[in-house]
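Q: I'm new to this structure and would like a close look at just one part of it. Please pick a stretch, walk me along it slowly, and tell me what sits around it.

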Amino acid sequence: MDSSKLQECLDRADAQIARGRNATARLATYIEALARDGYDATTTRKLLKAFEEMEALLKIGRVRRAGGMVG
């Protein structure tokens, strides 16, 4: 893959990671609101943890595609 195509791929990965990070942050806000309102947030917290782990794996994949370069 030439460098411009690689950069396009990395840019798309960065955008996807950023969207995921934003969605995860919104979910965390909703979960805390549920807990404050007296709802059991145990399951939703587990889901949030799974999303955070998936986000970390996506970031690792992005760094590997970049050959170790963090962008």
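A: Let's start with some vocabulary: a residue is called buried when its relative accessible area is under 20%, exposed when it is over 50%, and partly exposed in between. Keep in mind too that this is a predicted model.

The part I've picked is helix α2, which covers residues 42-65. With 24 residues at 1.5 Å a residue, α2 should span 34 Å, and its end C-alpha atoms are 35 Å apart, so the two values agree. Its partner in this story is helix α1, made of residues 3-36. Helix α1 has 34 residues and reaches 49 Å from its first C-alpha to its last, close to the 50 Å expected.

Now for the side of α2 that is hidden. Leu48, Glu55 and Arg62 are buried in this helix, and the cover over the buried residues of α2 includes α1. It works the other way round as well: α2 is part of what covers the buried residues of α1. On the α1 side, the buried residues are Cys9, Leu10, Ala13, Ile17, Thr24, Leu27 and Ile31.

Leu48 is a good place to zoom in. It has 11% relative accessibility, so it counts as buried. Leaving out residues up to four places away in sequence, Leu48 touches Thr24, Leu27, Ala28 and Ile31. Three names from the buried list of α1 come back here, namely Thr24, Leu27 and Ile31. Take Ile31 in particular: it is 17 residues from Leu48 along the chain, with 8.6 Å between their C-alpha atoms.

Further along α2 comes Glu55, and this one is a bit of a puzzle. Glu55 is buried, yet it has no salt bridge. The nearest side chain of opposite charge belongs to Arg21, and it is 4.2 Å away. A salt bridge here asks for a side-chain nitrogen within 4 Å of a carboxyl oxygen, so a 4.2 Å gap doesn't qualify. Arg21 still counts as a contact of Glu55, along with Gly20 and Thr24, once neighbours within four places in sequence are set aside. Thr24 turns up twice, then: it is touched by Leu48 and is also in contact with Glu55.

Gly20 has another link to α2. Its C-alpha atom is separated by 9.3 Å from that of Met54, though the two residues are 34 apart along the chain. Met54 lies in α2 and counts as partly exposed because its relative accessibility is 46%.

Met54 also brings us to the outside of the helix. Together with Leu47, Phe51 and Leu58, Met54 makes a nonpolar surface patch of about 340 Å². Leu47, another residue of α2, has 42% relative accessibility and so counts as partly exposed. Compare Leu47 with Leu48, the next residue in the chain: Leu47 is partly exposed, whereas Leu48 is buried.

What about charged pairs? The structure holds 2 salt bridges, and α2 has a hand in both. In one, Arg45 pairs with Glu32, their closest N and O atoms being 3.4 Å apart. This pair links distant parts of the chain, with Arg45 in α2 and Glu32 in α1, 13 residues apart. Arg45 has 40% relative accessibility, so it counts as partly exposed, and Glu32, at 37%, is partly exposed too.

The other salt bridge joins the side chains of Lys49 and Glu53, at 3.4 Å from N to O. These two are 4 residues apart in α2, which means that about one helical turn separates them. Lys49 is partly exposed with a relative accessible area of 48%, and Glu53 is partly exposed with 43%.

Finally, a look at the ends of the helix. Toward its start, Thr44 is in contact with Leu34, a residue of α1. Those two are 10 residues apart in sequence and 9.4 Å apart in space, C-alpha to C-alpha. Leu34 also contacts Tyr39, and at 33% relative accessibility it counts as partly exposed. Just after α1, Gly38 takes a positive phi of about 95°. Past the other end, just after α2, Gly67 has a positive phi as well, of about 75°.

Conventions: Residues numbered from 1 in each chain as written. Predicted model: local features only at pLDDT ≥ 70, side-chain atom pairs only at ≥ 80, totals over all residues. Heavy atoms only, no water. Buried < 20%, exposed > 50% of the residue type's maximum accessible area, 1.4 Å probe, protein only. Lys, Arg positive; Asp, Glu negative; His and termini not counted. Contact = heavy atoms within 4.5 Å. Patch = residues over 30% accessible without salt bridge, like charges linked within 9 Å, V, L, I, M, F, W, Y side chains within 5 Å. Areas by Shrake-Rupley, 256 points an atom, 1.4 Å probe, with all protein chains shown as cover. Expected span 1.5 Å × (residues − 1).
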